[in-house]
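Thanks for coming. I will take the empty spaces first and then the place where the chains meet.

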Amino acid sequence: MPWNLDDSRPIWPQIKEKLMKDIVSGVYRPGESFPTVRDLAERACVNRNTMQRALSELESDGLVITNRTAGRTVTNDEELLMTTRKNLARAGVARILKEMEELGFSADELIELIISEKGDDSNEG
Amino acid sequence: MKDNPILECVNLTKDYGAMTALDNVNLKIGRGKIVGILGPNGSGKSTLIKLANGLLKPTDGQILIDGQEPGIRSKEIVSYLPDKEYFGRWMKVRDVINLFTEFYSNFDRAKALRMCETLRISEDMPVKSMSKGTLEKLQLVLVMSRNAELYLLDEPIAGVDPAARDFILSTIINNYNEEGTIIISTHLISDIERILDEVVFIKDGRVVRHSTVDQIREQEGKSIDELFRTEFRMTAPGEEEARYDW
């Protein structure tokens with residue numbers, strides 16, 4: 001199944017984000033081996049150079065490590081994984097804030113909304 | 001990897017009588033890339049592919065494959081998928097595969113057989129009994145089973161269903177040697193743009209844009225497909241007023 005990509009943005013950053021999410025959420029576990037470019041390109045249905053670029057970025061961020069013999073593995077650096085996770089969360093929150101601002105909600109109103117929405121979900125009382 | 005361009009056009013012009021199909025085209029295509037030649041019907045895409053393949057001769061200027069004019073050597077390193085079927089109707093899959101084995105020294109027979117098997121195309125299947133989609137897949141399997149430096153695919157996904165199209169796209173992604181370049185001519189852009197490195201827009205026989213896909217998306221903030229529709233928009237008489245921009 002080809003990955004969902006946004007038409008209006010370059011492809012490689014989107015691939016990178018998707019892989020980052022998969023790494024911090026444990027689809028690929030710390031220290032375990034990471035799929036090959038070829039494999040990932042096929043899954044995403046994008047060309048190998050694009051996938052290569054995304055992987056190079058992950059490597060320079062340190063999230064993925066290339067070993068001369070064993071291929072690529074996911075980093076074991078828990079701190080880096082945690083920071084990455086937080087950064088992704090921040091970016092997500094910033095997106096929602098901006099969207100809600102467009103709808104005319106302030107940050108405080110948004111927090112209230114989130115709390116009440118969360119309350120509904122957990123069926124309190 | 002060699003670093004000279006695999007394909008180069010120098011002031012390339014092709015006339016058909018009074019009609020100019022390609023008008024002073026200058027273009028360089030590097031190695032290890034998947035490149036889309038995009039343009040509406042009649043823009044000169046097929047003419048360019050046929051010139052690269054040596055089926056047509058330039059009226060003026062040059063087209064070079066690995067630094068040489070198309071000829072015996074380029075036939076060795078170019079694998080061409082025509083936009084029409086070209087097998088004898090009497091042939092079975094076996095005959096077609098034998099033909100390719102005999103004809104091309106760089107044809108990987110084992111690979112072709114393997115791919116046919118995944119597609120459940122049996123060697124006994126007569127070509128004339130095949131659906132359009134199956135036939136397209138078979139042709140692509142044969143073309144991609146050659147160990148070539150340049151693959152020229154003329155409209156590889158025209159008129160096939162979405163499942164066949166997905167197969168064709170993944171075959172393209174997976175089955176070329178890493179140093180090879182694939183040139184795909186098409187007007188069906190949205191289906192294909194995510195597998196492309198570069199695009200060349202052709203309009204009325206001229207190259208109007210040559211850029212990487214990511215550059216275009218970055219600069220224009222839109223997909224190649226959208227950009228194509230904007231740049232090649234044709235307005236029917238009287239339609240001007242009615243259209244509206246989002």
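**Spaces and interface**

The largest cavity is lined by B:Leu7, B:Ile37, B:Leu48, B:Ile49, B:Ala52, B:Leu152 and B:Ile183. Before I go on, please keep in mind that this is a predicted model. How should one look for such spaces at all? Rolling a probe the size of a water molecule over the atoms shows where empty space is left.

For this cavity the volume comes to about 40 Å³. Searching the whole structure turns up one cavity of 30 Å³ or more. Which helix gives the largest share of the lining? That is helix α1 of chain B, residues 45-52, with three residues. As for class, the lining of this cavity has seven nonpolar residues, no polar ones and no charged ones.

Next, the pocket. The largest one has a volume of about 380 Å³. It is lined by 15 residues, and those closest to its centre are B:Lys75, B:Val78, B:Phe103, B:Tyr104 and B:Arg146. Three elements of chain B give two or more residues each to this lining: α2 (72-77), β5 (78-81) and α3 (93-103). Sorted by class, the pocket lining has ten nonpolar, two polar and three charged residues. The cavity lining, to repeat, has no charged residues.

Now the interface. The size of an interface is often given as the accessible area lost when the parts come together. Here chain B and chain A bury about 1700 Å² between them, and 41% of that lies on carbon and sulfur atoms. On the chain B side, the residues that lose the most area to chain A are B:Asn174, B:Arg194 and B:Arg217, and together they make up 41% of what that side buries. Counted by residues, 22 from chain B and 20 from chain A take part in the contact.

How many salt bridges does the rule find across the interface of chain B and chain A? Zero. For polar contact, the rule finds 13 residue pairs across the interface, with both residues at pLDDT 80 or more.

Which elements of chain B give two or more residues to the side that touches chain A? They are α6 (162-174) and α7 (213-220). Of the elements, α7(B) gives the most, with four residues. By class, this side of chain B holds seven nonpolar, five polar and ten charged residues. So much for the charged residues on that side; the salt bridge count across the interface, as I said, is zero.

That is the end of my part.

Terms used. Residues numbered from 1 in each chain as written. Chains lettered and ligands numbered in written order. Predicted model: local features only at pLDDT ≥ 70, side-chain atom pairs only at ≥ 80, totals over all residues. Heavy atoms only, no water. Contact = heavy atoms within 4.5 Å. Buried area = accessible area lost by both parts, 1.4 Å probe. Salt bridge = Lys/Arg side-chain N within 4 Å of Asp/Glu carboxyl O. Polar contact = N/O pair within 3.5 Å; in protein donor to acceptor, adjacent residues only side chain to side chain. Nonpolar A, V, L, I, M, F, W, Y, C, P; charged D, E, K, R; others polar. 1 Å grid on protein atoms, 1.4 Å probe; cavity = no way out; pocket = protein on both sides within 12 Å on 5 of 7 lines; lining within 4 Å. Points joined across faces, edges and corners; volume = space filled by probe spheres on them.
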